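User: I would like to learn how to read a ligand site, cysteines and backbone features in a model of this kind. Please show the structure and guide me through it.

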Amino acid sequence: MNLEFDETELAFRDTVRDFFASMVSPKFKTRLRAGLRLDPDEIVAWQKALAARGWGAPTWPKAYGGTGWSPTQIYIFEMEAARAEAPIQFHQGLELIGPIIFSLGTPEQKARYLPRIISGDDWWCQGYTEPGSGSDLASLQTRARRDGDDYVVNGQKMWTSYAHVATHMFCLVRTSVEPRKQAGLSMLLIDMTSPGVTVRPIETMDEKRHSNEVFLDDVRVPMANLIGEEGKGWDYGKILLDRERSFGAASALRLRQHLRGLKEAAAERFFGNAAVIDMHDFRMRLAQIEIETIAVEMMVMRLMADASAGKDSGPRASMLKLRWSELLQAITELWFETLGYDAAVFRPLEQHATGFDADTAYAIQGALNARVSTIYGGSSEIQRNIMSRRILGL
Ligand SMILES: Cc1cc2nc3c(=O)[nH]c(=O)nc-3n(C[C@H](O)[C@H](O)[C@H](O)COP(=O)(O)OP(=O)(O)OC[C@H]3O[C@@H](n4cnc5c(N)ncnc54)[C@H](O)[C@@H]3O)c2cc1C
């Protein structure tokens with residue numbers, strides 16, 4: 001693996017750096033440092049700005065409107081995004097269903113959906129998890145039966161992120177009952193405005209609206225919205241989950257951004273006469289976290305190098321997911337501790353204008369929000385199971 005960039009790559013880095021310098025608003029900074037997502041309208045506006053520059057889909061091939069960048073260019077783009085404290089793109093359309101549509105979709109599906117993912121006009125949510133079917137996803141019960149040219153879908157999805165703003169959902173459904181439960185699953189693309197789709201919020205402790213239950217009652221979905229072949233949904237679903245974990249690469253490269261926020265807070269706060277950042281115990285913990293962050297960045301580079309060589313990321317995607325999510329929690333927790341008494345303050349965002357330091361509440365919300373990173377996209381226990389099976393052969 002060559003860790004040096006050549007001249008073309010350095011020129012590319014400068015172009016990307018200039019773009020971010022001119023486009024990134026400082027008003028995003030505190031929330032992003034805290035590991036929080038921006039509001040949906042801000043995420044869409046950022047996606048549109050990237051699309052206008054031709055960079056709406058950094059990881060896609062040119063043939064489908066992507067940049068056609070090499071893994072090294074994608075790495076540079078993400079590093080520069082983190083350096084400039086730019087928002088992270090929303091991944092469920094771009095990194096999850098988009099690649100499935102351009103790999104397996106019909107010409108009509110490609111023409112209809114791909115451009116609108118890049119332009120930010122469509123927002124996709126992921127309808128996999130159900131009550132009782134999270135880690136054991138293959139046990140899911142949402143049924144789709146054929147009726148004329150449609151499927152009729154009945155069931156309930158759980159924890160569906162951003163379903164309340166989504167225009168479409170890619171959904172795993174059971175189209176037949178087979179001895180091997182994975183074999184009866186299919187993947188459908190569902191228009192969220194279809195009659196019979198009901199979205200209800202799930203309250204989370206960070207007090208932000210992002211999670212939902214989605215109820216599907218006799219929802220008619222045209223057969224043209226089936227991805228690939230009926231009964232192959234599990235295979236496609238697994239590809240998506242792998243990609244979701246690999247997409248952790250972008251999240252992993254943001255850890256430095258969170259570290260920056262932590263260090264600034266530690267330099268500004270005092271314990272007696274000493275700045276927190278100068279205290280021995282704090283420095284030890286910070287050093288450990290920073291070393292592990294560098295190790296994770298190296299892991300991302302190895303994944304990118306493998307991708308350049310056309311190799312599968314294998315269980316390293318699980319290793320990466322496990323480590324970046326644990327580090328995100330460690331950084332946001334240390335930040336929380338650094339705030340001392342201020343950490344007791346938690347107020348909804350709309351009350352930020354007066355009183356306490358607005359950044360404080362963001363840091364706390366970030367620490368609460370980070371709890372989920374070791375659950376979604378496959379919990380830490382599930383990642384460890386994958387590693388024990390695939391690396392240790394247990
Ligand atoms: C905020 C949030 C957003 C989410 N967004 C989405 C989304 O957009 N779309 C979507 O489809 N899903 C989403 N999820 C669902 C997420 O993927 C699941 O919560 C996750 O896979 C765990 O499933 P579960 O909640 O059913 O827990 P369970 O599977 O019931 O697990 C409970 C506990 O048991 C452990 N466990 C389970 N099985 C094993 C095992 N075999 N070995 C060892 N330990 C095990 C788990 O690690 C966990 O600690 C989201 C979840 C959250 C919390």
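Analyst: The following turns discuss the ligand site, the cysteines, a strand pair and a loop. The model is predicted: local features need pLDDT of at least 70, side-chain atom pairs count only at pLDDT 80 or more, and totals for chains, interfaces and linings use all residues. Residues are numbered from 1 along each chain as its sequence is written, and side-chain values use heavy atoms, with hydrogens and water left out.

User: How many residues surround the ligand?

Analyst: A residue is near a molecule if one of its heavy atoms lies within 4 Å of it. Here 18 residues surround the ligand, and the closest are Thr129, Ser135, Trp159, Ser379 and Glu381. Helix α13 (residues 380–390) gives the most to this shell, with 3 residues; helices are DSSP runs of H or I with at least four residues, strands are runs of E with at least two, and both are numbered from the N terminus.

User: Which atom of the ligand does the polar side-chain atom of Thr129 lie 2.7 Å from?

Analyst: A polar contact is a pair of N or O atoms within 3.5 Å. For Thr129, the partner is a nitrogen atom of the ligand. A backbone N or O atom of Gln126 lies 2.8 Å from a ligand nitrogen atom, and a polar side-chain atom of Ser135 lies 2.6 Å from a ligand oxygen atom. Taken alone the ligand exposes 980 Å², of which the protein buries 66%; the areas come from the Shrake-Rupley method with a 1.4 Å probe.

User: Why is there no bond between Cys125 and Cys171?

Analyst: A disulfide is a covalent bond between the sulfur atoms of two cysteines. The criterion is a pair of cysteine sulfur atoms within 2.5 Å. The sulfur of Cys125 is 8.4 Å from the closest cysteine sulfur, in Cys171, which is too far for a bond. The structure holds 0 disulfides.

User: How many bridges join β4 and β5?

Analyst: Two strands pair if DSSP finds at least two bridges between them. Strand β4 (residues 168–174) and β5 pair in the antiparallel sense over 7 bridges. Leu172 has Met187 in β5 as its bridge partner.

User: Is Tyr162 buried or exposed?

Analyst: Buried means under 20% relative accessible area, exposed over 50%, and partly exposed in between (1.4 Å probe, protein chains only). At 6% relative accessibility, Tyr162 is buried. Tyr162 lies in the loop between β3 and β4, and has a positive phi of about 60° although it is not a glycine. Trp159 is placed in the loop between β3 (150–157) and β4 and is partly exposed at 46% relative accessibility.

Methods
A polar contact is a pair of N or O atoms within 3.5 Å; within protein, one must be able to donate a hydrogen and the other to accept it, and residues adjacent in sequence count only if both atoms are side-chain atoms.
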